[in-house]
Amino acid sequence: MPKRSEEMLVDLWMSLLLVWITCVPCVSMTPIIGQSKSTQTGGSAVVASGLGEGQRLLSRAKRGWVWNQMFVLEEFSGPDPILVGRLHTDLDVGGKNIKYVLAGEGAGTIFAINELTGDIHAMKRLDREEKAEYTLTAQVVNADTDEPLEPPSEFIIKVQDINDNPPQFIEGPYRASVPEMSAVGTPVTRVTATDADDPVYGNSAKLVYSILEGQPYFSIDPNSATIKVALHGMDREMREEYLVVIQAKDMGGHMGGLSGTTTVTVTLTDINDNPPKFSKSLYEFVIPEDLPTEKMGGKVKANDRDIGENSKSTYSIVEGDDQGMFEIITDAQTQEGILRLKKPIDYESKRAYTLKVEATNTRFEPGSNGPFKDTATVKIVVEDSDEPPVFSKPMYFLEVNENAPINTVIGTVTARDPDSSGSLVRYFIDRHTDLERQFNINVDDGKITLAKPLDRETDMWHNITVTATEVRNHSQISRAIVAIRVMDINDNAPEFATEYEAFLCENGKPGQVIQTVSAVDKDDPIQGHYFDYRLVPEMLNNPNFTIKNNQDNSISVLAKHDTFRRQKQEMYFLPIIVTDNGNPPMSSTNTLTIRVCGCSKDGIVQSCNVEAYVLPIGLSMGALIAILACIILLLVVLFVTLRRHKNEPLIIKDDEDVRENIIRYDDEGGGEEDTEAFDIATLQNPDGINGYLPRKDIKPDLQFMPRAGQHSGPNGVDVDEFINVRLHEADNDPTAPPYDSIQIYGYEGRGSIAGSLSSLETASSDSDQNYDYLREWGPRFRRLGELYSVGESDRET
């Protein structure tokens with residue numbers, strides 16, 4: 001059948017369908033005349049049928065409604081409300097006064113009923129996608145009293161679907177990927193469209209998919225919407241991204257159906273299908289011969305059209321580096337091959353190298369024959385450089401005997417200029433490594449000589465640095481370490497290992513070991529130490545002690561008898577000669593001190609002093625210690641008591657006013673013969689001291705003018721009056737002690753047993769004191785006693 005005829009047939013069927021939908025409700029609700037019972041179930045009502053008004057029987061009867069489920073088309077629009085259906089009841093006979101009442105979803109707003117005829121109309125345009133059905137209730141009531149004549153009955157009005165919604169791709173637009181070079185039919189992705197129309201009724205929601213753009217690269221399954229590869233050999237390096245337009249059409253794809261579109265961006269992902277390729281087949285580099293090892297000499301790069309991990313390569317040297325002079329590493333950032341030196345190169349030895357390098361992909365696709373590779377040739381030309389001298393050894397080991405004479409040749413270092421011109425070399429010692437300048441070197445031939453004597457016992461090793469410099473270019477310097485070992489000679493005599501002090505018991509037995517003695521030697525002979533011990537010649541016939549060799553470089557000192565007594569001799573000195581086995585032998589004389597001590601029966605030393613021997617025999621050591629402790633305690637108490645009496649100050653002042661020059665307790669006047677304690681001329685010239693003499697050692701807080709004393713004529717010096725004046729000034733000066741040095745001797749301390757030696761008192765009178773005892777102190781104090789005796793007699797008269 002032609003396509004045009006097919007479309008006309010579809011339109012004809014659609015028209016018949018609309019007519020049927022409209023007419024069915026009216027036909028189905030036509031009342032059945034002459035029946036008292038309805039053929040439809042679903043409810044019950046009380047009706048009167050064939051009985052008089054006075055003969056009412058209560059019986060259960062089927063409801064008198066005659067109707068079916070109602071339908072209404074969505075999106076129907078017209079000038080008048082559309083008739084949905086008609087309600088009718090058996091009670092509606094004759095001129096009975098009844099009316100129809102409609103309630104439920106949309107009653108009065110969307111749906112309206114004719115109270116007299118029961119016709120239901122749709123007042124608004126309905127959309128099935130918003131609400132597919134409405135549930136309502138119908139009831140017959142008395143038109144005057146609104147009294148229900150029957151119970152309410154529920155019915156449904158369904159909105160009939162029409163194709164008014166196009167398909168939509170909710171998740172679009174889409175992005176998908178597929179490996180390049182995928183086979184035809186390889187799934188790429190799947191798209192999904194939705195249609196809001198009723199999928200049950202008709203073909204309004206039946207979708208068919210197709211490709212509008214993207215052929216011949218991709219295809220789509222019309223029912224499952226799966227996009228697949230449609231072209232063989234799609235290469236990412238040629239084209240990476242494709243835009244595919246997909247259409248979904250309802251009504252099974254027939255004419256009149258609605259459609260929607262979306263886009264799918266398909267990206268070809270990379271696979272390792274391209275080999276690395278060097279940009280050049282031959283690389284040339286010029287490398288100076290003084291280039292340090294592990295430094296870069298050149299770069300090579302192999303490009304790969306792939307991306308990501310598929311483009312990464314590693315580099316290696318496959319030919320031309322038999323000696324292992326070079327290495328090539330891969331820069332992870334730039335994917336370049338870095339050519340580096342593994343060993344120093346020498347222009348004079350070899351001037352050119354030819355290498356073959358290879359770039360290999362790090363990964364390859366499964367099923368392939370292996371990773372892709374490419375090779376290139378690298379030619380390296382060595383450039384001549386001015387190189388520093390090269391020592392024959394990186395480190396020299398030399399030996400010299402200690403105490404070797406000055407200018408002794410220790411050894412020789414040699415260096416040469418590796419350049420073809422061959423410059424002369426000069427040698428020097430780095431004095432930072434030879435601060436004491438113990439060595440010298442010949443600048444021309446590199447001979448190292450001794451500048452100062454060496455002592456192995458002070459320093460066994462000397463490490464110096466020798467430099468070699470080109471004559472024509474002083475900036476070319478090289479260094480070598482010279483380790484000089486000082487060899488030992490026998491120049492130290494052995495001596496006792498420590499200062500021994502032996503103890504000998506008085507009750508010891510003959511042959512008893514008093515002390516074991518060993519010796520040490522600072523020298524370090526190759527064959528080891530061996531010491532020989534002997535007594536000095538004058539002690540060979542010693543009657544008290546002898547020595548015995550222990551065969552382990554030590555000796556034992558033995559007592560010859562048991563008659564040692566502390567009263568006879570408390571200490572013995574035993575000189576011993578110790579000789580080593582060096583060449584020449586060295587020896588020294590060491591003295592062993594032996595003390596005679598009192599010991600217990602078990603041989604334990606108790607006392608080594610003679611004084612302890614004369615103590616009572618019955619007094620034990622504990623008793624001696626107790627007595628000694630008591631004596632010490634008494635001495636401490638006595639010292640504290642005396643110090644407490646002597647610490648009384650001359651003048652009670654604040655702490656900061658204490659003067660150091662007057663607090664002296666141990667000074668004693670020299671009497672008349674002492675002319676240095678003070679200036680006697682001052683006492684003989686009162687006119688010279690009438691003026692105020694301020695203190696020079698302190699700065700008084702207050703200044704007091706001295707009282708004017710009585711002046712005596714030059715021929716009448718009244719010493720007593722002068723002293724009284726000075727005493728008065730001292731008593732009234734609150735700033736400092738008296739300045740006169742005479743008053744230093746007048747303070748003996750309060751409570752002193754001896755009392756004061758001076759007649760100068762500031763607070764008390766000495767008239768009641770007796771000075772006759774001064775005559776008993778000797779001739780030095782006799783004159784002083786006579787003076788004080790005269791003073792007393794004068795005072796009494």
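**Two disulfides and an open sheet**

Modeller: Both C597 and C608 are buried; that label means under 20% relative accessible area, while exposed means over 50% and partly exposed lies in between, using a 1.4 Å probe and protein chains only. This is a predicted model, where local features need pLDDT of at least 70 and side-chain atom pairs count only at pLDDT 80 or more, while totals for chains, interfaces and linings use all residues. Residues are numbered from 1 along each chain as its sequence is written, and side-chain values use heavy atoms, leaving out hydrogens and water.

Colleague: How many disulfides does the structure hold?

Modeller: A disulfide is a covalent bond between the sulfur atoms of two cysteines. Here a pair counts when the sulfur atoms lie within 2.5 Å. By that rule, the number of disulfides in the structure is two.

Colleague: Is the disulfide of C597 and C608 left-handed or right-handed?

Modeller: The sulfur atoms of C597 and C608 are 1.8 Å apart. C597 sits in strand β41 and C608 in the loop between β42 (605-607) and α2 (610-613), eleven residues apart; helices (H or I, at least four residues) and strands (E, at least two) are DSSP runs numbered from the N terminus. The torsion about the S-S bond is about 100 degrees, so this disulfide is right-handed.

Colleague: And which residue does C505 join through a disulfide?

Modeller: C505 lies in strand β35 (residues 501-505) and counts as buried because its relative accessibility is 7%. Its S to S distance to the partner is 2.0 Å. The torsion about the S-S bond is about -85 degrees, so the disulfide is left-handed. The partner, in strand β41 (residues 587-599) and 94 residues apart from C505, is C599.

Colleague: Which strands stand at the edges of the open sheet of four strands?

Modeller: Strands of a sheet pair through backbone hydrogen bonds, either parallel or antiparallel. Two strands count as paired here if DSSP finds at least two bridges between them. The order is β10-β16-β15-β12, with mixed pairing. Each edge strand has a single partner, so one side of each is left without a neighbour in the sheet: these are β10 (174-179) and β12 (208-213).

Colleague: What is the bridge partner of L243 in β16?

Modeller: Strands β15 (residues 241-249) and β16 (residues 259-269) run antiparallel. Nine bridges join them. For L243, the partner in β16 is T265.
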